[in-house]
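Here are my notes for you, set out as numbered points. Have the model open beside them as you read.

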Amino acid sequence: MGPLNADNYQLVRLKNGAYSVRSLAEDETFHPVIGPAAEAEALYVKQLDLRRRAGRLGEFVVWDVGLGAAANAIAVLRATADLPCSLRMVSFDRTRAPLEFALRHSAELGYLAGYDKTARELLDTGRAALARGQWEFRQGDFPQLLRAAIPPAPPPHAILFDAFSPAKNPAMWTAALFSDLHRWLDPRRPCAMPTYSRSTMLRVTLLLAGFFVGIGRATGEKEQTTIAANAPELLAEPLPREWLQRARHSRSAEPLWEPVYRQAHLSAETWEKLRCHPQFRED
Ligand SMILES: C[S@@+](CC[C@H](N)C(=O)[O-])C[C@H]1O[C@@H](n2cnc3c(N)ncnc32)[C@H](O)[C@@H]1O
């Protein structure tokens with residue numbers, strides 16, 4: 001992929017009139033159906049029960065994976081602005097270009113309103129002070145950051161996982177990536193991670209990485225999404241045992257062992273691991 005600058009992005013107007021950002025390099029729109037603010041609210045803020053969970057803690061740590069044009073991050077800032085807790089949000093991306101682009105088109109995008117200065121400070125200094133808490137930006141290759149010997153940030157209570165699709169961005173959906181991600185969670189700190197995909201391959205990958213996995217709420221774009229957690233009590237609708245049979249027969253269920261997209265049936269070894277996952281154990 002060539003250098004990413006603000007010219008690699010364009011504004012698109014969705015059917016409902018909302019504007020979203022499109023990456024020309026991947027030929028993908030960031031929040032393609034209901035738009036940035038509505039999707040961030042449905043998929044992350046509501047699904048994570050963010051206000052209730054954050055409101056009960058002194059400090060609430062969020063990892064925002066794929067800062068992009070910051071629609072998800074800003075939705076979290078808005079949702080928690082009046083809470084007494086301190087928010088520590090750490091955003092990850094290999095590039096700052098989409099947020100630079102969004103800041104130039106803040107009027108059309110709308111969701112940045114009131115947060116332009118905060119986002120500008122984040123890009124210029126790598127951090128921005130919040131009324132209560134801090135927003136930080138770690139620029140770099142996320143899979144590589146996770147492989148390092150030191151944690152990329154304090155263990156999160158919530159992760160917003162928003163990479164491009166596995167076909168366009170396979171390095172962000174490998175088995176190794178989710179195992180590394182799971183490794184940095186604190187088992188004593190319940191953490192949930194919604195993402196827009198409902199694919200069998202993703203769900204198998206998350207289970208093998210050590211997560212519990214549930215059916216995520218609809219977003220308008222999809223009738224289902226996926227939510228993973230290190231604590232089963234954070235899942236409203238865990239995948240039932242019957243789902244295993246669907247995975248067994250799916251033509252696209254085997255995790256990506258390499259950062260190269262392909263589709264494959266479950267291997268015998270993966271099937272054995274899935275069957276023995278604590279989520280499906282019969283007492
Ligand atoms: C769908 S966009 C994220 C949209 C964003 N969450 C928002 O609310 O506007 C996916 C983002 O993932 C980032 N990304 C893709 N591969 C990456 C990698 N290997 N390391 C870090 N970031 C990556 C892209 O640069 C892009 O900004």
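1. Let me begin with one pairing: Y9 has S23 in β2 as its bridge partner. A second pair along these strands is L11 with V21 of β2. Altogether, 5 bridges join β1 to β2, and the two strands run antiparallel. Please keep in mind that this is a predicted model.

2. The connection between these two strands is worth a look. β1 and β2 make a hairpin with 5 residues between them, and G17 in the turn has a positive phi of about 95°. The hairpin belongs to an open sheet of 3 strands, ordered β1-β2-β3, with antiparallel pairing. β1 (9–13) and β3 are the edge strands, each pairing on one side only. As background, side chains in a regular strand alternate between the two faces of the sheet.

3. The loop between β2 (19–23) and β3 (28–29) holds D27, and L24 is found in that loop between β2 and β3 as well. D27 has a phi near 55°, which is a positive value in a residue other than glycine. How many other C-beta atoms lie within 10 Å of D27? There are 9, and since a residue with 12 or fewer is classed as exposed, D27 is exposed.

4. L24 also counts as exposed, because it has 11 C-beta neighbours inside 10 Å. Leaving aside residues up to four places away in sequence, L24 touches N8, Y9 and Q10. L24 and D7 are 17 residues apart in sequence, yet their C-alpha atoms are 8.6 Å apart in space.

5. After β3 comes another loop residue to check. P32 sits in the loop between β3 and α1 (36–46). Is P32 buried, exposed or partly exposed? It is partly exposed, with 15 other C-beta atoms within 10 Å. From C-alpha to C-alpha, P32 and V12 are 8.9 Å apart, while in sequence they are separated by 20 residues.

6. A70 makes a good counterpart to D27. A70 lies in the loop between β4 (59–65) and α3, and its phi is positive, about 70°, although it is not a glycine. Here the surroundings are another matter: A70 counts as buried because it has 30 C-beta neighbours inside 10 Å, whereas D27 is exposed. If you review the backbone angles, both residues have positive phi values, A70 at about 70° and D27 near 55°.

7. On to the ligand, which may be the part you open before anything else. Which residues come nearest to the ligand? Of the 21 residues around it, they are G66, G68, A69, A71 and F142. Among the elements that contribute, α3 (71–80), β5 (86–93) and α7 (142–147) each supply at least two residues of the shell. By residue class, the shell divides into 12 nonpolar, 5 polar and 4 charged residues.

8. Helix α8 (residues 175–183) has L177, F178 and L181 as its buried residues. Viewed down the axis of α8, these fall within an arc of 90°, so they line one face of the helix. The cover over the buried residues of α8 includes α7 and α9 (200–209). Note that α7 also appears in the ligand shell, where it supplies at least two residues.

9. Later in the chain, strand β10 (residues 212–216) is mostly covered, with 4 of its 5 residues buried. β10 is joined to strand β11 (residues 225–229) by 5 bridges, and these strands run antiparallel. One of the pairings is G214 with I227 in β11.

10. Finally, the chain as a whole. Its secondary structure comes to 11 helices and 11 strands. A compact globule of 283 residues would have a radius of gyration near 19 Å, and the chain, at 18 Å, agrees with this. Along the principal axes, the C-alpha atoms fill a box of roughly 50 × 40 × 40 Å. Buried residues make up 41% of the 283 residues. Of the contacts between residues at least 6 apart in sequence, 71% join residues at least 24 apart.

Definitions and conventions. Residues numbered from 1 in each chain as written. Predicted model: local features only at pLDDT ≥ 70, side-chain atom pairs only at ≥ 80, totals over all residues. Near = placed C-beta within 6 Å. Nonpolar A, V, L, I, M, F, W, Y, C, P; charged D, E, K, R; others polar. Buried ≥ 20, exposed ≤ 12 C-beta atoms within 10 Å, placed from the backbone. Arc of directions from axis to C-beta. Contact = placed C-beta atoms within 7 Å. Pairing = 2+ DSSP bridges. Rg over C-alpha atoms; globule rule 2.2 N^0.38 Å.
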